Amino acid sequence: MSAYAEITYEVADRIATVTLNRPEARNGYTIRMADELGDAMDRADGDEDVRVVILTGNGKDFSVGADLSQGGFDFDPATGPDAAWQEPAGRCSKRIFTMNKPVIAALRGAAVGGGVTITLSCDYRLASTDSRFGFVFVRRGIYPEGASAWFLPRLVGMGTALDWMISGRVFGVEEAKSAGLVHSVHEPEEVLGKARELALEIVKTTSAVSVAVTRQLLYRMASAESPFPVHELDSRLIGGLGSSPDAVEGVVSFLQKRPPEFSMRVDTDQPAYLPWRNA
């Protein structure tokens, strides 16, 4: 896509900021927004000058979820979708799941329905004091989407996920933080700035390749049947550190008490044997 209509995309200080940009509709989620978000994540993931992505919204709300006035489908409801069709919130949450770059969600106001499920695969969720959340699907006679039935229990536990999804109730930021859905809470005007502070810390202090491998290692190996296959893989990773320029730089910069200058690239320097590389 050469231009976006429902999001904005900008890069500064090696941070890509992707902003939902339908404030007049409280950033209601549409098919076009889903496609634009997917394109923006592809763009950020493929850009070696981008180290971190911030996902946020323009206006007082992150997103009130699917814009029902837009229909919500890119097929004829009378005939139904073809076998390859994928619902739009999951198109975004799955793309974030596969990212090599960490993604920080900076939220304020409402994050409801698809407006919260698209953030569940982000690495961080920073929220504002006026944030409120809801997995309201059952109250609309519909079903959870965005692969949220997979992500949510892993973040907050099955009991809390059952409560939130079966009741469909809207809840505040303190409950969200207590359950582990939200990492930190800030004043509404401070959330984006705090997300940038966190992003800059990652940019300045971490290896891009180490972050990419670690992020996927956590996600892809979390459902392993035992620690043994995980240890097999991390043994191979650790065993290869002798030829890793970033590992050398990490140790030397620590001993010299200076900021690291990592040189390895995400697009070319990840180990080829990682099982998810060609998945």
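The following questions and answers cover contacts, burial and surface patches in this predicted model.

Residues are numbered from 1 along each chain as its sequence is written, and side-chain values use heavy atoms, with hydrogens and water left out. Because the model is predicted, local features need pLDDT of at least 70 and side-chain atom pairs count only at pLDDT 80 or more, while totals for chains, interfaces and linings use all residues.

User: How many salt bridges does a search of the whole structure find?
Analyst: A salt bridge is a side-chain nitrogen of Lys or Arg within 4 Å of a carboxyl oxygen of Asp or Glu. With that rule applied to the whole structure, the count of salt bridges is 15.

User: R196 forms a salt bridge with D13; how many residues apart in sequence are the parts that the pair ties together?
Analyst: The closest N and O atoms of R196 and D13 are 3.0 Å apart. Helices (H or I, at least four residues) and strands (E, at least two) are DSSP runs, numbered from the N terminus. R196 lies in helix α7 (residues 191-205) and D13 in the loop between β1 (7-12) and β2 (15-20), so the separation in sequence of the parts tied together is 183 residues.

User: Is R196 buried, partly exposed or exposed?
Analyst: Buried means under 20% relative accessible area, exposed over 50%, and partly exposed in between (1.4 Å probe, protein chains only). The relative accessible area of R196 is 25%, so R196 is partly exposed.

User: Which residue forms a salt bridge with D45?
Analyst: D45 sits in helix α1 (residues 31-45), and the partner sits in helix α2, 50 residues apart, so that the pair links distant parts of the chain. D45 has 10% relative accessibility and therefore counts as buried. The partner also counts as buried, at 18% relative accessibility. With the closest N and O atoms 3.1 Å apart, the residue paired with D45 is R95.

User: In the salt bridge of R258 with E249, how far apart are the closest N and O atoms?
Analyst: R258 is partly exposed, because its relative accessible area is 29%. E249 counts as buried, because its relative accessibility is 14%. The closest N and O atoms of R258 and E249 are separated by 2.6 Å.

User: Which residues are joined into one network by salt bridges that share partners?
Analyst: Side chains of opposite charge can pair when their charged atoms come close. Here salt bridges with shared partners make one network of E6, R22 and D67.

User: How are the rings of F97 and Y219 paired: stacked, edge-to-face or tilted?
Analyst: Rings of Phe, Tyr and Trp (its six-membered ring) pair if their centres lie within 6.5 Å; planes under 30 degrees apart count as stacked, over 60 as edge-to-face and the rest as tilted. By this rule there are 9 aromatic pairs. For F97 and Y219 the centres are 4.7 Å apart and the planes stand at 45°, so the pair is tilted.

User: How many residues apart in sequence are the parts tied together by F97 and Y219?
Analyst: Both F97 and Y219 are buried. F97 lies in helix α2 (residues 88-97) and Y219 in helix α8 (residues 208-221), so the parts tied together are separated in sequence by 122 residues.

User: What is the angle between the planes of the aromatic pair W164 and F171?
Analyst: W164 and F171 are both buried. Their pair is stacked, with a centre to centre distance of 4.0 Å and an angle between the planes of 15°.

User: Which residues form one aromatic cluster?
Analyst: F97 and Y219, the tilted pair, belong to this cluster. The full membership is F97, W150, F151 and Y219.

User: What accessible area do M158, L162 and I166 have together?
Analyst: Patches are made of residues with over 30% relative accessible area and no salt bridge: like charges are joined within 9 Å, nonpolar side chains (Val, Leu, Ile, Met, Phe, Trp, Tyr) within 5 Å. L162 is in helix α5 (residues 158-167) and counts as partly exposed because its relative accessibility is 42%. The nonpolar patch of M158, L162 and I166 has a joint accessible area of about 320 Å².

User: Where is D130 found?
Analyst: D130 forms a negative surface patch with E187, E189 and E190. Its relative accessible area is 31%, so D130 is partly exposed. D130 is found in the loop between β6 (124-128) and β7 (132-134).

Terms used. Accessible areas come from the Shrake-Rupley method with a 1.4 Å probe; for residues, only the protein chains shown count as cover. Lys and Arg count as positive and Asp and Glu as negative; His and the chain ends are not counted. The place of a charge is taken as NZ of Lys, CZ of Arg, CG of Asp or CD of Glu.
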